[in-house]
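Trainee: I should be grateful for a close look at a single part of this structure, the largest nonpolar core. Please begin with the chains themselves.

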Amino acid sequence: MTTPMRIGKFAGRAAASMTSSPSWRQYPLGVSVFLIAPLCLLLGFGFVYPVGRLLGQSFFAPEFGLDNYRRLLETPLYLRVLARTVFVALAVMSASLVLGYPVALAMARLRRGLSNLVMACVLLPLWTSALVRSYAWIVILQRRGLVNDVLLASGVISQPIKLIYTEGAVILAMTHVLVPFMILPVFGAIRAIQPELVQAARNLGAGKTTVFAKVLLPLSLPGIFAGCLMTFILALGFYVTPALVGGPSSLLMATLIGQQTTETLDWGFAGALSTVLLCVTLLIVLLFRKALSYNRGISNVA
Amino acid sequence: MSPDAEFALATRQVEEGGEGLLLLPRRRRSLSNFLTSTVAGFFLFLILLFLVLPIIVIFPMSFGSASYLEFPPRGLTLNWYRQYLSDPDWRAATFFSVKIALATTFSATMVGTLAAIAFARGKFLGKSLFQALTLSPMIIPHIVIAVAVFIAFSPLNLSGNFFGFLIAHTMLAVPYVVLTVVAALERFDTTLELAALNCGAGRIRAFFSVVLPNIRVGVASGAVFAFLASFDEATVAFFLSGVEGKTITRKMFEDIDFNLTPVIAAVSVVLTVISLIVMGVLQAFNRATVSAQR
């Protein structure tokens, strides 16, 4: 803070406030409250009240008690949905890592022109609505879709096979939607590695594989961790893609909540399911808060 | 010099019997090296194809002449776009979505910028807690928010209603504005503001003529993200839409489930092109500002 101090010596009017250093930079409490008031109103009415009401309903509808939670834990169908949700989220996370890491590596290490091309291939899906991308997967995977056409034409199969409305289709489409959230933090981590480290390793005789295993991979671990967390959390509560690409046999937490809200109109049970989903998500966020702050970079790249 | 040219030069030097051997570049490619990079390149190509293909597929789809989905299309037509534009339901949904997105952009940018200033410059009790609450709509599953808002807004006649959407979408869009504006404020050199104060400007004048012009890229980015966060939003829109007030995403959702016509491909192309244009303009704007500052 030397610069403001020095200027302060010459500035007659502001000199007094200068001596108490950066306090001039801080707005007084009243101003802060005034600035934040609209946000308070918005969050209070649009977020805290509805979510609180939904969570409350899980204990009060239809009558006070833990009935909704008991039903969730005692019905095998719902437990299977819970287990499937976690499994699908883990599968999407792993697939995103396997597919995303090479792309992030290429983006960070290739020549400028090529890496820009790779970057464009990553940003194009990121900027396209998830709804449009889910629709595109329906077009590709349906009975008379792209994949079946190609397989039929090449004689691999004689009958169209069922690809859509399966768990595999959900994992595939969701991976496509979420993989940019893996690529960007990993890319950030690899780009932050000093090139001298790689050069030093090469000079000491390490081959490309050794450089990758001993330098690049360990130093990109924070990015991997952040990417895995982000894709896992988003996959847990994703609605659009499983609702469109999935079928009755691949019901997930999010689609089950939707079904309970619009079809069976059991808002108490929908509240209980939401509470479970919310608590799991928040628990993960709180446990790994530090790793997630790595993800802020997304707002700069995206 | 490209590696190939280097290699050629080194080979020539070796052939000429000079001391070229010593100058042999370290990057001389062995066969196995060449194979590895070719295989790696091939896999990279496949992954990139996986990323891009689903988006590219919808373009030929929307111009194909067959009424069922056919790829590649046999004949070309603009029929599906014509149907989209002449269908009153699609028109109403598009108009409703654009109206909500523009209003959301305005309100989220205002509310978010004001709050970002308080977060960056103010000091008050529970600031970090409040920041976490502001950003939480980005992390909390949208299905939970959607169901919660639907259940809370229905009895207030706010479902299927412009103001209901405005509140819900502004809440979803504000985190993007707060993040970009706080980042811009942290990059801003506060001595400039001090200079303005010392030259006799009041707090408010210093803000509008010094601080705001310097953070305008952050504010603009936030506004663009807010627009897309509302326009492309499907989960909350699915639950909050009514028979009258229906967004384009909800209409698409319904049609994908009930009558899968190529009109949806045409609408998808329209949505995608709008997103790409908006983000492209933002990117160009950012680049222009960065080069102007250099």
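Mentor: In this predicted model, chain A contains 17 helices and zero strands, where helices are DSSP runs of H or I of at least four residues, strands are E runs of at least two, and both are numbered from the N terminus. Chain B comes to 14 helices and zero strands. Residues are numbered from 1 along each chain as its sequence is written, and chains are lettered from A, and ligands numbered from 1, in the order of writing. Local features need pLDDT of at least 70 and side-chain atom pairs count only at pLDDT 80 or more, while totals for chains, interfaces and linings use all residues.

The model scores ipTM 0.86 and pTM 0.85. For chain B the mean pLDDT (the predictor's confidence in each residue, from 0 to 100) is 85, and 87% of the residues reach 70 or more. Residues 9-25 of chain B have a pLDDT below 50, and this stretch makes 12 contacts in the model beyond near neighbours in sequence; a contact requires C-beta atoms, placed from the backbone, within 7 Å.

Chain A has 302 residues, of which 41% count as buried (20 or more other C-beta atoms within 10 Å of the residue's own, with 12 or fewer for exposed and partly exposed in between). For chain B, 41% of its 294 residues are buried. Among contacts in chain A between residues at least 6 apart in sequence, 71% join residues at least 24 apart; in chain B, the corresponding share is 72%.

We now come to the core. The largest nonpolar core has 163 residues; such a core is a set of buried Ala, Val, Leu, Ile, Met, Phe, Trp, Tyr and Cys residues joined through C-beta atoms within 7 Å. The residues with the most contacts inside this core are A104(A), A235(A), V147(B) and V149(B). Helix α9 of chain A, residues 167-191, gives the most to the core, with 17 residues. From chain B, the core draws at least three residues from each of domain 1 (3-77) and domain 2 (82-293), bounds that come from an automatic or database domain assignment. V147(B) touches residues of both chains: leaving aside neighbours within four places in sequence, its contacts are L54(A), I257(A), T261(A), A270(A), S274(A) and F239(B).

The meeting of the two chains forms the wider setting. In total, 68 residues of chain B are in contact with 74 residues of chain A. Helix α3 of chain B (residues 31-63) supplies the largest share of chain B's side, 12 residues. That side divides into 52 nonpolar, 13 polar and three charged residues; Ala, Val, Leu, Ile, Met, Phe, Trp, Tyr, Cys and Pro count as nonpolar, Asp, Glu, Lys and Arg as charged, and the others, Gly among them, as polar. Within chain B, seven residues of domain 1 are in contact with seven of domain 2. Domain 1's side of that contact has five nonpolar, two polar and no charged residues.

One helix from each chain completes the picture. In helix α12 of chain A (residues 221-236), 13 of the 16 residues are buried, so this helix is largely enclosed by the rest of the structure. Helix α11 of chain B (residues 216-231) likewise has 13 of its 16 residues buried and is therefore largely enclosed by the rest of the structure.

How values were computed
Two residues are in contact if their C-beta atoms, placed from the backbone, lie within 7 Å.
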